Amino acid sequence: MIRVELVLADIISGYYEIAGQQKAAQVLENTVEISEERIRIAETARDLGSGSEYELLLARADMNTDQAALIRSKTNLNQLKVFLTTILGDTTGSEFMVQPEIELAEKLSLEELIAEAIAQNRDLTIARLTEQAAEAEIRELRGDWFPQVDVSGGYAYSRTEASTGFSEFSKSQGFRYGISASVNLFDGFNKQRRQENARITLKNEQLRRQDLELQVRANISQVYAQYDDALLLIELEEENLEINKQTVDIALERFELGTISSIELREAQQSLLNAENRLIEAQIAAKSAEIELLRLSGRLLSRVE
């Protein structure tokens, strides 16, 4: 079961890694389009005498940089697809697309995740059963200190005739019963020793269960902190992205008017690219943490089913 969950988590994570890389490639394609527009504006300005060959060369150099980044991004995308198809056992091809949107489930509850993880964790289940067995053994050993009581009973009937030939006879009948009790006054402290060993076993199992629960809580809490941070980053980067989109639009207009240099436009363009990539990274981080939380809590298989 654990192996199935791990493989399933890898498949889902691989899918969203591809979605994120597709978005990153699309971002670079948009960057290339902006660079193409910058070259067009620089060529027009040079032809009109308001621009320089230097500005045009800078624009073309940045265009080449963007195209090289796009090629690397598509190579990474192809590698991720190959990795996913290998996990699925299908290596016939990697020419497929996935939904580019990285959708997150409704925000998960930390306390609910911990409760479900503790209830469904395999090692904890075994520890609880072992603890119950130790408690049962103690109860059984306590019985050795009580007297052993034996109860017997029966019914008797007899008839005896006289041997002289006279019609005389005697008979007797009735119930008989008895109760006896015995106590082993000394057995070399064996009962005490066995009971003490059983108590030690129970205590060890209780400590083991508590330690496992602490580990489960710590693992869930650690991943949840990453999940929570990623959600906050998504909100922040979405706001940053909108600001940078507006900045690039304004920068393009000013560059066409000649009020800013190509270097300033490039800075705005690079800021937009960075903001888009940071948003993608935050979305992937949140989704990866979400998948791991579902796996640790035992929800992952039920979500798929």
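Reader: Which residues are buried in helix 2?

Author: This is a predicted model. Buried here means a relative accessible area under 20%. In helix 2, the residues that meet this cut-off are L56, A59, D62, M63, D66, L70, S73, L77, K81, L84 and T85.

Reader: How many Å does helix 2 reach from its first C-alpha to its last?

Author: Helix 2 has 36 residues. At 1.5 Å a residue, 52 Å is expected. The value in the model is close to that, at 53 Å.

Reader: Which residue follows helix 2, and what is the sign of its phi?

Author: Helix 2 covers residues 53–88. After helix 2 comes G89, with a phi near 80°, which is positive.

Reader: What is the pattern of helices and strands along the chain?

Author: The chain contains seven helices and two strands. Written with α and β and read along the sequence, the pattern is α-α-α-α-β-β-α-α-α.

Reader: What share of the residues in the chain is buried?

Author: The chain has 305 residues. A residue counts as buried at under 20% relative accessible area. Buried residues make up 33%.

Reader: Of the contacts between residues at least 6 apart in sequence, what percentage join residues at least 24 apart?

Author: A contact needs heavy atoms within 4.5 Å. Among contacts in the chain between residues at least 6 apart, those joining residues at least 24 apart make up 79%.

Reader: Is R38 buried or exposed?

Author: R38 belongs to helix 1, residues 2–48. Its relative accessibility is 1%. Because that value is under 20%, R38 counts as buried.

Reader: Which residues does R38 touch, leaving out those up to four places away in sequence?

Author: R38 itself lies in helix 1. Without residues up to four places away, R38 touches L58, A59, D62, F255, S262, L265, R266 and Q269.

Reader: Why is the pair of Y15 and Y16 called edge-to-face?

Author: The structure holds two aromatic pairs. In the pair of Y15 and Y16, the ring centres are 5.2 Å apart and the planes stand at 80°. Planes over 60 degrees apart count as edge-to-face. The 80° angle is over that cut-off, so the pair is edge-to-face.

Reader: What is the arrangement of the rings of Y224 and Y227?

Author: The ring centres of Y224 and Y227 are 5.5 Å apart, with planes at 55°. Planes under 30 degrees apart count as stacked and those over 60 as edge-to-face. Because 55° fits neither of these, the pair is tilted.

Reader: Where do Y224 and Y227 lie?

Author: An α-helix has 3.6 residues a turn, so residues three or four places apart point the same way. Y224 and Y227 are three residues apart, about one turn, and both lie in helix 5.

Reader: Are Y224 and Y227 buried or exposed?

Author: Y224 has a relative accessible area of 12%. For Y227 the value is 1%. Because each value is under 20%, Y224 and Y227 both count as buried.

Reader: How many Å apart in space are S109 and Y224, C-alpha to C-alpha?

Author: S109 sits in the loop between helix 2 and helix 3, while Y224 lies in helix 5. The two are 115 residues apart in sequence. In space, their C-alpha atoms are separated by 9.0 Å.

Reader: How are helix 3 and helix 6 oriented to each other?

Author: The axes of helix 3 and helix 6 come within 7 Å and cross at roughly 40°. An angle under 35 degrees would count as roughly parallel, and 65 to 115 as roughly perpendicular. The crossing angle fits neither, so the two helices are oblique.

Reader: How do the residues of the contact of helix 3 with helix 6 divide?

Author: Helix 3 brings L113, E116, A117 and Q120 to the contact, and helix 6 brings L293, L296 and S297. These residues divide into four nonpolar, two polar and one charged.

Reader: What distance separates the C-alpha atoms of N219 and L296?

Author: N219 is in helix 5, and L296 is one of the residues in helix 6 that meet helix 3. Along the chain, N219 and L296 are 77 residues apart. Their C-alpha atoms are separated by 8.2 Å.

How values were computed. Residues are numbered from 1 along each chain as its sequence is written. This is a predicted model: local features need pLDDT of at least 70, side-chain atom pairs count only at pLDDT 80 or more; totals for chains, interfaces and linings use all residues. Side-chain values use heavy atoms; hydrogens and water are left out. Helices (H or I, at least four residues) and strands (E, at least two) are DSSP runs, numbered from the N terminus. Rings of Phe, Tyr and Trp (its six-membered ring) pair if their centres lie within 6.5 Å; planes under 30 degrees apart count as stacked, over 60 as edge-to-face and the rest as tilted. Buried means under 20% relative accessible area, exposed over 50%, partly exposed in between (1.4 Å probe, protein chains only). Axes are lines fitted to C-alpha atoms, for helices over the stretch in contact, and angles run from 0 to 180 degrees between N-to-C directions. Angles under 35 degrees count as roughly parallel, over 145 as roughly antiparallel, 65 to 115 as roughly perpendicular and the rest as oblique. Ala, Val, Leu, Ile, Met, Phe, Trp, Tyr, Cys and Pro count as nonpolar, Asp, Glu, Lys and Arg as charged, and the others, Gly among them, as polar. The expected span of a helix is 1.5 Å times one less than its number of residues.
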